[in-house]
Amino acid sequence: MYSRTSTLLSRSCRYFLRTPVHQSYSPFSVSARSFAAVNAAMADATNGVTADLIKAKLTDQLQAQHVEIEDLSGGCGQAFQAVIVSPQFEKKTMLARHRLVNAALKAEIAAIHAWTPKCYTPEQWQALQQ
């Protein structure tokens, strides 16, 4: 019985104990599909969304009195932070304000990576400035 157990053990461990066979396959190789994905991502990095475009849309669609847009991505147009002051935010919760802004910028938000709006009514903005 001892010999049979050792035979089973050696058969089951044969895979783990064998010497590695050198193959040209590397687990870290980059395939053509990976290159295509990287190229597509790099092409999307310049998506055409600018701070000026966002500011113009917000001013036009929300009748914003004051809009500050900051590009947090270093100029590539992938991350923006905004301060928006509009009378349309009166009597709306923060969630409703954000939904209003997101609806106005639906296409632009879909094209960028990060968007952080800060929405204020004119009265709130005046109180913050003092």
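# Close-up views of a predicted model

**Figure 1. Strand β3 has two faces.** In this predicted model, the side chains of strand β3 (residues 114-120) alternate along the strand. Trp115, Pro117 and Cys119 point to one face and are buried. Ala114, Thr116, Lys118 and Tyr120 point to the other face and are not buried. Two of the residues on the buried face also have named partners in strand β2: Trp115 stands opposite Phe80, and Pro117 is the bridge partner of Ala82. Strand β2 covers residues 79-85, runs parallel to β3 and is joined to β3 by seven bridges.

**Figure 2. The three strands form one open sheet.** The order of the strands in the sheet is β1-β2-β3, and the pairing is mixed. Which strands lie at the edges? They are β1 (66-71) and β3, each of which pairs on one side only. From one strand to the next, the twist averages 10 degrees. Beyond the sheet, the view can be set against the whole protein, which has six helices and three strands. Along the sequence these elements follow the pattern α-α-α-β-β-α-α-β-α.

**Figure 3. Two helices lie across the sheet.** Helix α3 (residues 51-62) lies across β1, β2 and β3. The angle between helix α3 and β1 is about 155 degrees. Helix α6 (residues 122-129) also lies across β1, β2 and β3. Helix α6 runs at about 90 degrees to β3.

**Figure 4. The largest nonpolar core contains residues from helix α3 and from the sheet.** This core has 16 residues. Those with the most contacts inside the core are Ile54, Leu58, Ile69, Phe80, Ile84, Val101 and Trp115. At least two residues of the core come from each of α3, β1, β2 and β3. What does Leu58 touch, not counting residues up to four places away in sequence? Its contacts are Gln63, Ala64, Val67, Ile69, Ile84, Val101, Leu105 and Trp115. For the protein as a whole, 22% of the 130 residues count as buried. Among contacts between residues at least 6 apart in sequence, 60% join residues at least 24 apart.

**Figure 5. Tyr120 and Trp125 make the one aromatic pair of the structure.** The structure holds one aromatic pair. The ring centres of Tyr120 and Trp125 are 5.8 Å apart and the planes meet at 40 degrees, so the pair is tilted. Planes under 30 degrees apart would count as stacked, and planes over 60 as edge-to-face. Are the two residues buried or exposed? Tyr120 is partly exposed, with a relative accessible area of 22%, whereas Trp125 is buried at 15%. The cut-off for buried is under 20%.

**Figure 6. Arg97 is a buried residue of helix α4.** Arg97 lies in helix α4 (residues 94-104). Its relative accessibility is 9%, so Arg97 counts as buried. Leaving aside neighbours within four places in sequence, Arg97 is in contact with Phe89, Lys92, Cys119, Tyr120, Thr121 and Gln124. One of these contacts, Tyr120, is 23 residues from Arg97 in sequence. The C-alpha atoms of Arg97 and Tyr120 are 8.6 Å apart in space.

**Figure 7. Glu108 is a buried residue of helix α5.** Helix α5 spans residues 106-111 and includes Glu108. With a relative accessible area of 8%, Glu108 is buried. What is Glu108 in contact with, apart from its neighbours within four places in sequence? The contacts are Val49, Leu53 and Lys57.

**Figure 8. Gln63 and Lys91 have positive phi values.** Most residues other than glycine have a negative phi. Gln63 is not a glycine, yet its phi is positive, at about 50 degrees. Gln63 is placed in the loop between α3 and β1 and is partly exposed, with a relative accessible area of 43%. Lys91 is also a residue other than glycine with a positive phi, here near 60 degrees. The loop that holds Lys91 is the one between β2 and α4. Lys91 has a relative accessibility of 87%, so this residue counts as exposed.

How values were computed
Residues numbered from 1 in each chain as written. Predicted model: local features only at pLDDT ≥ 70, side-chain atom pairs only at ≥ 80, totals over all residues. Heavy atoms only, no water. Buried < 20%, exposed > 50% of the residue type's maximum accessible area, 1.4 Å probe, protein only. Helix = DSSP H or I, 4+ residues; strand = E, 2+ residues; numbered from the N terminus. Pairing = 2+ DSSP bridges. Phe/Tyr/Trp six-rings, centres within 6.5 Å; stacked < 30°, edge-to-face > 60°. Contact = heavy atoms within 4.5 Å. Axes fitted to C-alpha atoms, helices over the stretch in contact; angles between N-to-C directions. Core = buried A, V, L, I, M, F, W, Y, C linked by side-chain atoms within 4.5 Å.
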